[in-house]
Amino acid sequence: MAEHENGKISQRGSTRRVFLKNSGLTVGGVVLGGALGSLLGGSSEPASHATPAAPALTVNPAEALMFFTPEQYQLTQAAAERIYPKDDNGPGAMELNAAIYIDHQLASPWGINSKEYMAGPFYKAEETQGSQIRILRKDLFLLGLKSLDAFSSKKFESNFIDLAPEDQDLVLTDFSEGKAPDISGVKSTLFFNLLRSMTIEGVYADPVYGGNKNMEGWAMRKFPGSRMTYTQEIQKEQFVKLDPQGLNSHMSH
């Protein structure tokens, strides 16, 4: 509709509205205002709305599965807890998210032995040469979990996760001593050693890798964590107790 200016009819408003309508700059027949309106000759002012504050982060984004299925994760939790159980000194592997650490490591290039030569020819390794296997770590771990359940069912007629802690210890002991069946041609001892070493790493590694929740693993050892320098503390005569500090604490430096 034309606008009136000093008793005369102006076509400017009508032309502007036709342009906005044809160019898709209207929503439900309402002309968009603000900066866009001023550019097009409009006089409408944008409504004043305060930008809402971002919600506080209440969970650790590192606590997410990247490799395991929920069932595999729960089984890993149960096995890791028997290797590093909760006691009077503090939380165990389950509370410290050791299984999350294991999950992330197996999902990484480390899980597929990316930095190791894995092609043939293969020769029987001497005892002093350590682990010389063809299977990838991620595959060994998954097959090991299946073997853990199968061996538990055969020995106690129940899955590992449903066994009493004492029976779980007996199963893991058999794996550590090589008394459980081989896993795809690999001694059960190798799987147990992998599980044990990764559990301990998950308890004491920096939380940025998924484990050591709230740095409680470090707190039990009175380990101060990752700090840029200890110069001032070293120069003091008395022992200085420092709260643990993770790698992400350096982000603001």
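Axes here are lines fitted to C-alpha atoms, for helices over the stretch in contact, and the angles between N-to-C directions run from 0 to 180 degrees. With that in hand, take helices α3 and α4: their axes come within 9 Å and cross at roughly 125°. That angle makes α3 oblique to α4, where oblique is what remains once angles under 35 degrees are called roughly parallel, over 145 roughly antiparallel and 65 to 115 roughly perpendicular. The crossing of α3 and α4 is right-handed; a crossing gets that name if the near helix is turned clockwise from the far one by less than a right angle, and it is left-handed if the turn is anticlockwise.

Before going on, a word on what you're looking at. This is a predicted model, in which local features need pLDDT of at least 70 and side-chain atom pairs count only at pLDDT 80 or more, while totals for chains, interfaces and linings use all residues. Residues are numbered from 1 along each chain as its sequence is written, and side-chain values use heavy atoms, leaving out hydrogens and water.

**The overall layout**

The protein chain has nine helices and four strands. Helices (H or I, at least four residues) and strands (E, at least two) are DSSP runs, numbered from the N terminus. If you walk along the sequence, you meet them in the pattern β-β-α-β-β-α-α-α-α-α-α-α-α.

How much of the chain is buried? Of the 253 residues in the protein chain, 31% are buried. Buried means under 20% relative accessible area, exposed means over 50%, and partly exposed is in between (1.4 Å probe, protein chains only).

**Around α3 and α4**

Asn97 sits in the loop between α3 (70–83) and α4 (98–107). Its phi is near 65°, a positive value in a residue other than glycine. Asn97 counts as buried because its relative accessibility is 7%.

Now step into helix α4, where you'll find Ile102. With a relative accessible area of 0%, Ile102 is buried. Ile102 and Thr199 are 97 residues apart in sequence, but their C-alpha atoms are 7.1 Å apart in space.

**Around α5 and α6**

Here's another helix pair to look at. The axes of α5 (residues 137–156) and α6 (residues 165–176) come within 10 Å and cross at roughly 120°, so α5 and α6 are oblique to each other. Their crossing is right-handed.

A salt bridge joins this pair too. By the rule used here (a side-chain nitrogen of Lys or Arg within 4 Å of a carboxyl oxygen of Asp or Glu), the count comes to seven salt bridges. One of them, Lys155 with Asp174, links distant parts of the chain: Lys155 is in helix α5 and Asp174 in helix α6, 19 residues apart. Are its two ends buried or exposed? Lys155 counts as partly exposed, at 40% relative accessibility, whereas Asp174 counts as buried, at 12%.

Three of the salt bridges, including that one, go in a small table:

| Salt bridge | Closest N and O atoms |
|---|---|
| Lys155 and Asp174 | 3.3 Å apart |
| Glu177 and Lys179 | 3.0 Å apart |
| Lys187 and Asp182 | 3.9 Å apart |

In the second row, Glu177 is partly exposed at 46% relative accessibility, while Lys179 is exposed at 56%. In the third row, Asp182 is partly exposed at 43%.

Ile183 lies in the loop between α6 and α7. Ile183 is buried, with a relative accessible area of 4%. In sequence Ile183 and Leu145 are 38 residues apart, and in space they are 9.9 Å apart, C-alpha to C-alpha.

**Towards the end of the chain**

Tyr209 lies in the loop between α7 (188–204) and α8 (216–221). At 42% relative accessibility, Tyr209 counts as partly exposed. Which residues join Tyr209 in a nonpolar surface patch? Val208 and Leu247 do, and the patch made by the three is about 270 Å². Patches are made of residues with over 30% relative accessible area and no salt bridge, with like charges joined within 9 Å and nonpolar side chains (Val, Leu, Ile, Met, Phe, Trp, Tyr) within 5 Å. The areas come from the Shrake-Rupley method with a 1.4 Å probe, and for residues only the protein chains shown count as cover.

Finally, look at Lys222, in the loop between α8 and α9 (231–234). Lys222 has a positive phi of about 55° although it is not a glycine. Lys222 is exposed, with a relative accessible area of 61%.
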